[in-house]
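Here are a few exercises to work through with the model open beside you. Try each task before you read its solution.

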Amino acid sequence: MKREKRESKFSLLILVVICVLILLTSFIWFQNALRENINQTNYEIMQETARQQLFNFETRIQGQLNQLQLYARSYENVDMNDYNAVKKLINVTEGAGSFHTISIADSTGKLVNNNNTAAGNILHKQYFKDAIAGNVAIGLKYSDDEKSILEMIYAVPIRQGETINGVLVGSELQSDVNETLMTDSFGGLGASFILDNEGNIILSSANGAEMIGDPVNYQEYLTDADAGGAGGFFSQADEQTNVHRLRVKDTEYIIIQNSVSYNGWSHVLQVDAFFVNSQRNRIASCVLILLLVVLVSVCAVIAFLFRLQARADRLRTKAERDLLTDLLNKKTFESAVENIMSHHSPGEIGALFIIDLDNFKAVNDTLGHMVGDQVLSGVAEEMRATFRQHDHLGRIGGDEFAVYLTFSDTSDANERHDLIQSMADRLCARIATLSEKLEQDITVSCSIGIALDPEHGTTYDELYQSADEALYLSKNSGKNKYSVFTHKKGGIPE
């Protein structure tokens, strides 16, 4: 009996150990999946923050340039050699907008500021060269001998007819731009910088100097800090992602770099990885506590995990789908097609259908939006019944749908064309019977435009434009039919 009990206890212990191992394995997988999702989500937040900061910076630059261009029009009929006339106008613009100073340079680069005193010559400054050549430009200069006060310079050409006789120059103090554009983020764990094309810091958020010690050059700061290969950070080209994890001064940072539209400058967002790691650590603690709880009820926890994962999958799918028709939404459909088109093998082709319902507005106006929604859902069902399971179906507008078909590079061209033709005919016919299925006194039909990839476009935008022109042809030739981009109605060209 004792032996049997010992064997029973041993078997139970083995069972418990197996269950614990299964749980540990499951939770390690679950923890890694959560960690990856947290990383990805935070990277996306950081990338969006960096994009928004860059947008604000470039918008401010463009606004200042636009303001200067407006002022420059005042000089269209003024003799640039007439001191009194120039003086009068420059005094009018003194202090205008948010500029620290406004100055005028003639075609030789001789600069007069808004007090009409000599202010040197900027003939060899790049921003002057760009402006005198007819372009708007920005640059930097130090306004004191100690090179402690840095100003941002905006320059626009002064046009007099077809001739450029001078340059209007506005300046802003670096501190003013810092205060208005570069805000600290991520609870004080993030800082932002604008760098010139050599990596020198031009602008920084208030937390920037505190975080990195106000270095002269950002790339040198990374290299000198033994960043483990960070010295080549700015030379990396055409990266799949602009997110970099680097260790600087014994602290791990997440660094995001984007190019500014002017002068080869860069915008950098630097965030202490603690922002992400702390969340991951909290998740790890929660998982450990959860593991102790689920040991009480193994089966319930496993079921809960699968249910949670399924829910995450449903939420992810829901975000990619149109709520009414359950087809791919516009953004997801475009991304899917762009991805397919960019990975075509030689000889492989695709076809884009743009499907627009005829006179759909009349359905909403006469029978209401509820019936209109039934029609849209019905159209989606007919599309699923018409096209193949691996084809991409989407709703890209109110009553506009799209389908992208792919064909292997070994398929016969005539067979492909016949299949496209039969699908278009079948879809038109099925949609025409919707009124009977919905038991509504309405007339439902569709017009279709078709474009072939890569024959009619090598990018999604080109392909869509071609299909849209074909759709326009269908609409204007009687509706309830389809056309291919070749403008040949009712069929696929030979």
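**Exercise 1: the antiparallel sheet**

In this predicted model, five strands make up an open sheet with antiparallel pairing, in the order 8-7-11-10-9. Find which strands are the edge strands of this sheet.

Solution. Start with what an edge strand does: it pairs on one side only. That picks out strand 8 (201-204) and strand 9 (243-248). While you're looking at the sheet, check its twist: neighbouring strands are turned against each other by 30 degrees on average, direction ignored.

**Exercise 2: walking through the pairings**

Work out how many bridges join strand 9 to strand 10, and then follow the pairing on through strand 11 to strand 7.

Solution. Step one: strand 9 and strand 10 (residues 251-259) run antiparallel and are joined by six bridges. To find your place, look for L246, whose bridge partner in strand 10 is Y253.

Step two: strand 10 is joined to strand 11 by seven bridges, again antiparallel. Here I254 has V271 in strand 11 as its bridge partner. These two strands form a hairpin with six residues between them, and N263 in the turn has a positive phi of about 60 degrees.

Step three: six bridges link strand 7 (residues 190-195) with strand 11, and this pair runs antiparallel too. Look for I194, which stands opposite H267 in strand 11.

**Exercise 3: a strand with two faces**

Is strand 11 (residues 266-272) largely enclosed or exposed?

Solution. First sort the residues by the way they point. S266, V268, Q270 and D272 go one way, while H267, L269 and V271 go the other. Next, check burial, where the cut-off is under 20% relative accessible area. Seven of the seven residues pass, so strand 11 is largely enclosed by the rest of the structure.

**Exercise 4: the mixed sheet and its helices**

Find the open sheet with the order 13-14-12-15-16, and say which helices lie on strand 14.

Solution. Begin with the sheet: it has five strands and mixed pairing. Its edge strands are strand 13 (392-395) and strand 16 (482-484), and the twist averages 15 degrees from one strand to the next.

Now zoom in on strand 13 and strand 14 (residues 400-407), which pair in the antiparallel sense over four bridges. H392 stands opposite Y404 in strand 14.

Finally, add the helices. Helix 9 (residues 330-342) lies across strands 12, 13, 14 and 15, at about 20 degrees to strand 14. Helix 11 (residues 369-386) packs on the sheet and touches strands 12, 13 and 14; its direction makes about 10 degrees with that of strand 14.

How values were computed:
Residues numbered from 1 in each chain as written. Predicted model: local features only at pLDDT ≥ 70, side-chain atom pairs only at ≥ 80, totals over all residues. Heavy atoms only, no water. Pairing = 2+ DSSP bridges. Axes fitted to C-alpha atoms, helices over the stretch in contact; angles between N-to-C directions. Buried < 20%, exposed > 50% of the residue type's maximum accessible area, 1.4 Å probe, protein only. Contact = heavy atoms within 4.5 Å.
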